[in-house]
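Here is a short set of exercises to work through with the model open beside you. Try each task on your own before reading its solution.

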Amino acid sequence: MMKTWTAGIFVVALGLPAGAGAWRLAAGGGLLAGLVPGTAFGWQFTGQWTRAGYAGERWLVEANIGQYATEADAGAWLERGRAASLLVLWERRAPFSYTFRPWLGIGGGISRYRLDDRQRLNDAGYAIASYPAITENDADLAVAMTVPLAPSWSVAITAQTGFPSRISTVSMTVLWRLL
């Protein structure tokens, strides 16, 4: 499998209070768009749970499910697939200034990809070969930054890469919390 870079902008997000002590829940969804030609476009749903640790530290658990299709370019692959991932990140508050205090995080997780409708296209854009569906599992490394914009709004940027498939994603999530 070739290395793929995708970016996501999540257009809808909703924060919900959650029980279980200091855990808080936020959920969102939106669209994925490719950074380079031939990469994936699709949708994704995200759920995030955060728990405060020591002052200025917290844990973040992020679960994602989504569906995507690669762009149908001549001489390229055309694939449709589904993905699910679970990330655990440790985040620390970085007080760059009094007004700019993002959370910076590092962590890891697992992903599972199901690739369907795999076809190879010729230079004219017609399918010349079909391939069977495959399923891949990855171990992921991730870095993240969450920037609080207001008490109820924040923007999260997450970059992750998986092994052995080397599928890499960059996503931007707009979150809104009720409490």
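## Warm-up: the whole chain

Buried residues make up 39% of the 179 residues in this protein, which is shown here as a predicted model.

**Exercise 1. Describe the secondary structure and the overall contact pattern of the protein.**

*Solution.*
- Step 1: Start with the elements. The protein has 10 strands and zero helices, so the definition of elements used here gives the pattern β-β-β-β-β-β-β-β-β-β along the sequence.
- Step 2: Turn to the contacts with a separation of 6 or more. Of these, 52% are between residues 24 or more positions apart.
- Step 3: Finish with the surface. The protein exposes about 9,800 Å², and carbon and sulfur atoms supply 66% of that area.

**Exercise 2. Decide which parts of the model to read with care, using pLDDT.**

*Solution.*
- Step 1: Take the average. The mean pLDDT of the protein is 76, and 74% of the residues score at least 70.
- Step 2: Look at the extremes among the elements. Strand β8 has the highest mean pLDDT, 91, while strand β1 (residues 4–16) has the lowest, 43.
- Step 3: Check the start of the chain. Over residues 1–20 pLDDT stays under 50, although the model has 73 contacts beyond four places in sequence for this stretch.
- Step 4: Draw the lesson. Where pLDDT is low, predicted coordinates should not be read in detail.

## Two hairpins

**Exercise 3. Find how β8 is connected to β9 and how the two strands pair.**

*Solution.*
- Step 1: Follow the chain. A hairpin of four linking residues takes β8 into β9.
- Step 2: Examine the pairing. β8 and β9 run antiparallel, with 10 bridges between them.
- Step 3: Pick one place to view. L141 stands opposite T161 in β9.

**Exercise 4. Describe the hairpin of β6 and β7, including the backbone at G125.**

*Solution.*
- Step 1: Strand β6 (residues 103–121) pairs with strand β7 (residues 127–131) in the antiparallel sense, over four bridges.
- Step 2: For one of the partners, go to R118, whose bridge partner in β7 is Y131.
- Step 3: Five residues lie between the two strands, and G125 in the turn has a positive phi of about 95°.
- Step 4: For context, most residues other than glycine have a negative phi.

## Inside the protein

**Exercise 5. Which residues make up the largest nonpolar core, and which strands each supply at least two of them?**

*Solution.*
- Step 1: The core has five residues: L60, L87, L89, A142 and A144.
- Step 2: Strands β5 (77–93) and β8 each supply at least two residues of this core.
- Step 3: Look around L87. Beyond four places in sequence, L87 touches residues including L60, G108, A142 and T158.

**Exercise 6. Is R58 buried or exposed, and which side chain does R58 meet in a polar contact of 2.6 Å?**

*Solution.*
- Step 1: Locate R58 in strand β4 (residues 57–70).
- Step 2: R58 has 12% relative accessibility and therefore counts as buried, the cut-off being under 20%.
- Step 3: The partner at 2.6 Å is the side chain of E91, a residue of strand β5.
- Step 4: Apply the test to E91 as well. Its relative accessibility is 1%, so E91 is buried.
- Step 5: The side chain of E91 makes another polar contact, of 3.5 Å, with that of T146. T146 is also among the residues that R58 touches, as are L89 and W103.
- Step 6: Add a distance. R58 and R93 are 35 residues apart in sequence, and their C-alpha atoms are 8.5 Å apart.

**Exercise 7. Work out the setting of D138, then inspect the peptide bond between F163 and P164.**

*Solution.*
- Step 1: D138 sits in strand β8 (residues 134–148).
- Step 2: With a relative accessible area of 5%, D138 is buried.
- Step 3: Beyond four places in sequence, the contacts of D138 include G109, Y113, F163 and P164.
- Step 4: F163 and P164 are joined by a cis peptide bond, with omega at about 15°. P164 belongs to the loop between β9 (153–163) and β10 (167–176).
- Step 5: For comparison, most peptide bonds are trans.

Terms used:
Residues are numbered from 1 along each chain as its sequence is written. This is a predicted model: local features need pLDDT of at least 70, side-chain atom pairs count only at pLDDT 80 or more; totals for chains, interfaces and linings use all residues. Side-chain values use heavy atoms; hydrogens and water are left out. Buried means under 20% relative accessible area, exposed over 50%, partly exposed in between (1.4 Å probe, protein chains only). Contact means heavy atoms within 4.5 Å. Accessible areas come from the Shrake-Rupley method with a 1.4 Å probe; for residues, only the protein chains shown count as cover. A nonpolar core is a set of buried Ala, Val, Leu, Ile, Met, Phe, Trp, Tyr and Cys residues joined through side-chain atoms within 4.5 Å. Two strands pair if DSSP finds at least two bridges between them. pLDDT is the predictor's confidence in each residue, from 0 to 100. A polar contact is a pair of N or O atoms within 3.5 Å; within protein, one must be able to donate a hydrogen and the other to accept it, and residues adjacent in sequence count only if both atoms are side-chain atoms.
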